[in-house]
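Trainee: Before we go through the charged side chains, could you show me the structure and let me ask how each label is earned?

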Amino acid sequence: MANKIVFDPVNAPDFLPVEKLRELQLTRLQQTVLRAYERVPFFRARMEERNLTPNDIQKLEDIAKLPFSIKKDLRDTYPFGLFASPMNEVVRVHASSGTTGKPIVVGYTREDLRVWEEVIVRGMKSVGMTSNDIVQVSYGYGLFTGGLGAHYGAEALGATVVPASGGNTHRQIMLMKDFGVTTICCTPSYFIHLIDQAQSMGIDMKSLSLKYGIFGAEPWTQEMRKYIEANTNIKAIDIYGLSEIIGPGVAMECIHQAGPHIFEDYFYPEIIDPDTGEVLPEGEQGELVLTTLSKAAMPMIRYRTRDLTSLTTERCACGRTLRRIKRISTRSDDMFIIRGVNVFPTQIETALLSIEGTLPHYQIILRREHNLDTLEVQVEINDKLIGDTVSEVTALEKRICRSVEQIIGIRAIIKLVQPDTLQRSEGKIKRVCDLRDPHKIN
Ligand code: DLL
């Protein structure tokens, strides 16, 4: 049964009747396309190549006529080539570092920043957060959108913000405990590290005031959510976003944790077949493509995120009309191919965490030995198991090996390691170390 909806003007767009929402999206799409066409030579050229003008967008489905944009377009126009506002109206820039070369740069007008705050406020309210919450922001501050995005969103909610940024794990725990922090915002992998650190400081996470974790910026699995919730008293909430579109807050789960709701009045989602570019019907898995509907400084049209997911219009128990995406546990860039099979690190995470005794710290190492690719998975195990007999440890290794093979169809070399031996990350974690091609940059 749908929960009783309390009218709140800030959250009202979450509950718009679908037809009204579609109307609003069309109006905003037309405005965005016009803005991009008139102000960004790159977009105009792309549209002209297809003999398109803004007038060709008469209904929402016409979006499929428009060309896609990709990360390379941002690199090629580095740093400000896609800006549609003069620099005196651009009040902030962020940048995201790529694996190679220059970062991509994104810009915001004051109104863009207000929208960014609004979506995060709406997301936080949908979880049940209020101005009484004390929010520790442990995403990195700086060019990365995570820290400042969550910071200003939580502040706009009226919550008390503790701008901890990433790192100094010991101090993070101390702040959480001493300040009575109720919400933590960080990457899920960093939070796992905080759980361990608290344990080693003799602090039971369950004794803290923490109620919510707003986790994102990297793929994580349902199994990881279970692990986090079993070791704390928090609701682990998925927040999704990317710099090119706005940063965190493109989509966020409500308290029902049924997949992130897209803030569709500001971001228009499509799912396409990554190979053909064709728009897929609802429910099918493919690549998420996003179009900004209000961004002034840097409108993005049909941006290919490389994130794989599906969209659902199925009504959530919260009553929001905003469509949801399935948790993004796979990103096409993270996929590796081993012996002809496509594998995603999160498949391995699912396999590992379904076995009792494993910890959510793992590393995947790919090697080429005598022309054969090998897949090694190093995984930390619970220290209660360390003292076990060799045969018990071997049995655990076999169980994990079977679990991995069942999911990915490939036999992996499993290496159990002591707790706290694998590298920890303060931000986005890198799970795969590919040693097969010395020329390849990881
Ligand atoms: O990671 C923005 C962000 C910050 C989102 C904090 C959530 C929380 P980028 O550095 O540009 O921006 O990286 C964007 O990260 O395309 C996804 O591949 C991945 N990603 C972000 N959120 C999630 C999530 C920020 N909840 C890229 N689940 C995206 C899975 C995510 N992947």
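The conversation below sets computed values against their definitions.

Mentor: Please keep in mind that this is a predicted model, in which local features need pLDDT of at least 70 and side-chain atom pairs count only at pLDDT 80 or more, while totals for chains, interfaces and linings use all residues. Residues are numbered from 1 along each chain as its sequence is written, and side-chain values use heavy atoms, with hydrogens and water left out.

Trainee: What makes D133 and K211 a salt bridge?

Mentor: A salt bridge is a side-chain nitrogen of Lys or Arg within 4 Å of a carboxyl oxygen of Asp or Glu. The closest N and O atoms of D133 and K211 are 3.7 Å apart, so the pair meets that definition. The two residues are 78 apart in the chain, with D133 in the loop between helix 4 (110-127) and strand 3 (134-137) and K211 in the loop between helix 7 (188-200) and strand 6 (212-216); helices (H or I, at least four residues) and strands (E, at least two) are DSSP runs, numbered from the N terminus.

Trainee: Why is D133 called buried, and why does K211 count as partly exposed?

Mentor: Buried means under 20% relative accessible area, exposed over 50%, and partly exposed in between, with a 1.4 Å probe and protein chains only. D133 has a relative accessible area of 2%, and is therefore buried, whereas K211, at 39%, is therefore partly exposed.

Trainee: How do you know that E380 and R424 form a salt bridge, and why is R424 counted as buried?

Mentor: Their N to O distance is 2.8 Å, which satisfies the salt-bridge definition. E380 lies in strand 19 (residues 372-381) and R424 in the loop between strand 20 (413-417) and strand 21 (432-434), 44 residues apart. R424 has 18% relative accessibility, so it falls under the limit for buried, and E380 is buried at 1%.

Trainee: Why is K295 said to have no salt bridge?

Mentor: The nearest side chain of opposite charge, D112, is 5.5 Å away, so the definition is not met, although K295 is buried; here Lys and Arg count as positive and Asp and Glu as negative, while His and the chain ends are not counted. K295 does touch D112, among other residues including R35 and E244, since contact means heavy atoms within 4.5 Å.

Trainee: How many salt bridges does a search of the whole structure find?

Mentor: The search finds 30.

Definitions and conventions: Lists of a residue's contacts leave out its neighbours within four places in sequence.
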